[in-house]
Amino acid sequence: MAAPGGLDLQQQPGPVKAEEQAMEEFQFSSGLRREPVVTLLAPVSGLMPLCWSEDHRLAVSTSASLSVLELVCDVNSNKQDLIIHRSSIPVPEKVHQLRVEPVTQLSKAIQKYSCHADPTVRQVFLADTVLNSHVGTQKGIKYTSWSPLGCDANGRCLLACLTFDHRLTVHNSHKRHEWNSLVNLTDKYSQRLKDQEYAKKDNIRSKVGLNDFDELRRRYAMQTPLRMEWSRVYTVKQFQPDNSCINVEMVLLAVLMENGDVVLWKFMLPFVNGDDVVFYDVVESGVSRPSDLAWWEYESPERRMSGLIIGSMVGPIKIEPVSLSGVKGYFTVKHPVVLWKESDEIAVENIKCIPVVHPVHKTSCSLIVATRNCYVFWCLLVISPAGLNVLNSHVAGLHSLPILSLAVCMQDYTLYTCSMDGWIKKLTPTFTESTIHFNQEDFTQTESLADRRIHGIAVSNNGAYIAVVSAQGMVNKIHPVIRTYQVDFITLRTPDLAASAILNSPAQSLFKVADLLDLLRWKILKTKTIPASLLEDLEKRIRDEDSLYLWRFKLFLQRTLHQSLQSPFIESNYKFAGQDSKMFAQDDDEEEEGEGAAQEDAEPAGCDGKAEDFSEVQGLISEVESHLLRENMKKVLGMVYLNASAPENTSIPTCGLVDYLASDKTAEVLIGHIKKKLNRQTFRERCCLCEEDLPFTDHKQVVCSNGHMWLRCVLSYQACQTLTFRRCLLQDSVARLPEPEGKRHSPSPSTTASQPPAAVTAVLLLLRHSVLLSVTNTNN
């Protein structure tokens, strides 16, 4: 049949064939921009506007708010674009002002120094925005820092936020897209200084008052924060009232003050109440003009040490020791370690510490990098029985203008730098016996970044993406009146390299490699197939190890393939046929072609039109789900009946689970042990409405003989016969208890590396276990 105009429709390549041809021509390589591009509503602010967390959230500092972009690897969606959940923390309207006591002397001192006869004193006072708040303060976010994973009550990261008016607050996410301010550390420390009459660490109080200009500056400088950084999670022993000892976790937040002191705050985990934060210590660095701060963490089989790397505006860099009393296995460095001692008036910024295993010496060492104007400073710390060896140098010739941002990929130790000149450089270190060589190359930039002014970069947790925040550059050699700011996500790895990294991940947690999973999901949705080499390697690893992590990864691949084979949603155009009704209409010459396209879209297999492939994938998904389901049932039964410390209130449908696993040969020993413990007793589940038995025929729901249907808890498989329970919208699963009671509702968490931290809410417990039953397993 020929269409109007003499075109033979059967000989023309249809939209499906054209799409397949385009997929074959598409090359998955690094340096590709992913959609969508996130447009910011306000100009960027701060020295490092981008900061990426371990739970795949990107904090973007702007003048109006702190925008948080969460990268979600949603296996329920067949869209090829990035799935980004956006939230924000607004900058408070009321300007925060630092105060020193006594107030009566302060008001007199302000009047005195604003009209001082000495111009050197008067001009310094009037130009200082901290001393003289009437000058005005820039509005916006100055600096942000993410804590390690598992610090808040939901098992996520805490966010420390510093504004330009010196307000330092700690936030946590609430209901996924809401944020709560837990504590204001600036006010807390100001009150502490007031109680101690602004004494130093040695408790020696100053004898002069605010009439002395140096004393006034000292009191303001000792409470003005510049930077803050989180330490790693430490385990300490805590004594109970009954003299028993338990292990608890804590994390330290180091806050660099303007006078060079570093204030340490202790957060006991999980951190819920802002009143529970405890002052830990003050480290007097002696740096008069500090510029940046970073934690130094050294770990080897023999010893573990920790310290603070402090940079200066005039050039020197050194490590100050931190005493971690009560932390098992940690040693304290006796003296500060000088990394660079020359006072060359080149400011130190963007300090990063990378733990490295030296490929030549096979020893643990620390690679410390920082930016100094247009140079990159590096220092290699090697600790041996002979002592501490410090190697340092600079990488020159990178940029013609000062470096704005430095990002590090912790997996392969690759460095990325961006400068005002608009270029992004990639530095790859090569370790030799006595030094380090950095291979320099230009990073492949997309067309979207051409002629744009780059303000900062950040690399995702596993090095899958690099985020670039930029603004409009000059247009026809003229600066635009209004600049638009945007965040681009550019790939750093290919999907094949991402798949290899996922298979060999030491974390054994799909949630921790969600950025790599998103690259792999993108390729499967685009090519509508799973790479044969990946499937072969995965099956081989499952035969050798039989790890639940690998089974979850296999389920993720099958679920993504299932989504790729589904027909995409096609919007239909409509036109008004009359004043009172609407109808879908097509042109007469396109009616037959439209019907044919509609029939193709109705095919369950999408582009191929083969329902067999669709059914085969569904069968593979059911097979993997059944395996994971049975493994989790055995785990729940084992935790309850084989764990001596199981709580008394633990309630599970034992008889139903035993009957469900009766055909599993690997569970015969466990079932025999449980039946021996039950001693022929039967505890049947009963419907609370009619007292009929509830059979265990399905792991998601149960229906009694009278037709009453109840949903089953994904944690304990018990029927939820109450009106208060928690539902996970992502997983379509429920938990029986409305409040997070992990050890009472579910057996104690596993000690394997595939499980998240124990202190999580019921929602995250759902995300941990319901992957066995449903489609998404990015949080496992």
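Contact here means heavy atoms within 4.5 Å. Helices (H or I, at least four residues) and strands (E, at least two) are DSSP runs, numbered from the N terminus. What you have is a predicted model, where local features need pLDDT of at least 70, side-chain atom pairs count only at pLDDT 80 or more, and totals for chains, interfaces and linings use all residues. Residues are numbered from 1 along each chain as its sequence is written, and side-chain values use heavy atoms, with hydrogens and water left out.

**Exercise 1. Get the overall picture: how many helices and strands are there, and what share of residues is buried?**

Step 1. The protein has 15 helices and 36 strands.

Step 2. Fix the burial cut-offs: buried is under 20% relative accessible area, exposed over 50%, and partly exposed in between (1.4 Å probe, protein chains only). By that rule, 49% of the 780 residues count as buried.

Step 3. Now take the contacts between residues at least 6 apart in sequence: 57% of them join residues at least 24 apart.

**Exercise 2. Work out which residues of α2 are buried and what they pack against.**

Step 1. Check the geometry. α2 covers residues 103-114, 12 residues in total, and spans 17 Å from its first C-alpha to its last, close to the 16 Å expected at 1.5 Å a residue. The expected span is 1.5 Å times one less than the number of residues.

Step 2. Pick out the buried residues: Leu106, Ala109 and Tyr113. Looking down the axis of α2, they fall within an arc of 65°, so they line one face of the helix. The arc is that of the directions from the helix axis to the C-beta atoms.

Step 3. Why would such a spacing give one face? An α-helix has 3.6 residues a turn, so residues three or four places apart point the same way.

Step 4. Flip to the other side of α2, and you find Thr104, Lys108 and Gln111 exposed.

Step 5. The packing partners of the buried residues are α3 (119-127) and α5 (213-221).

**Exercise 3. Describe how those two partners, α3 and α5, sit relative to each other.**

Step 1. Their axes come within 12 Å and cross at roughly 20°. Axes are lines fitted to C-alpha atoms, for helices over the stretch in contact, and angles run from 0 to 180 degrees between N-to-C directions.

Step 2. Sort the angle: under 35 degrees counts as roughly parallel, over 145 as roughly antiparallel, 65 to 115 as roughly perpendicular and the rest as oblique. α3 and α5 are therefore roughly parallel.

Step 3. The crossing of α3 and α5 is left-handed, meaning that the near helix is turned anticlockwise from the far one by less than a right angle (clockwise would make it right-handed).

Step 4. At the residue level, Val121, Val124 and Phe125 of α3 meet Phe213, Leu216 and Arg217 of α5.

**Exercise 4. Repeat the face analysis for α8: which residues are buried, and which are exposed on the face turned away?**

Step 1. α8 runs over residues 532-545; its 14 residues reach 20 Å from first C-alpha to last, close to the expected 20 Å.

Step 2. Leu534, Leu538, Arg541 and Ile542 are the buried residues of α8. Down the axis of α8 they fall within an arc of 100°, so they line one face of the helix.

Step 3. Turned away from that buried side are the exposed residues Ala532, Glu536, Arg543 and Asp544.

Step 4. The buried residues of α8 pack against α6 (495-503), α7 (514-527) and α9 (548-565).

Step 5. Just past the helix, α8 is followed by aspartate 546, with a positive phi near 55°.

**Exercise 5. Look at α6 and α7: what is their crossing angle, and what lies in the loop between them?**

Step 1. The axes of α6 and α7 come within 8 Å and cross at roughly 130°. These two helices are therefore oblique to each other, and α6 passes α7 in a left-handed crossing.

Step 2. For contacts, Pro495, Asp496, Ala498, Ala499, Ala501 and Ile502 in α6 meet Leu516, Leu517, Leu519, Leu520 and Lys523 in α7.

Step 3. Glutamine 508 is in the loop between α6 and α7. Its phi is positive, about 55°, although it is not a glycine. Glutamine 508 is buried, with a relative accessible area of 19%.

**Exercise 6. Find where the cis prolines 36 and 102 are placed.**

Step 1. From glutamate 35 to proline 36 the peptide bond is cis, with omega near 0°. Proline 36 is in strand β1 (residues 33-39).

Step 2. From glutamate 101 to proline 102 the peptide bond is cis, with omega near -5°. Proline 102 is in the loop between β5 (83-90) and α2.
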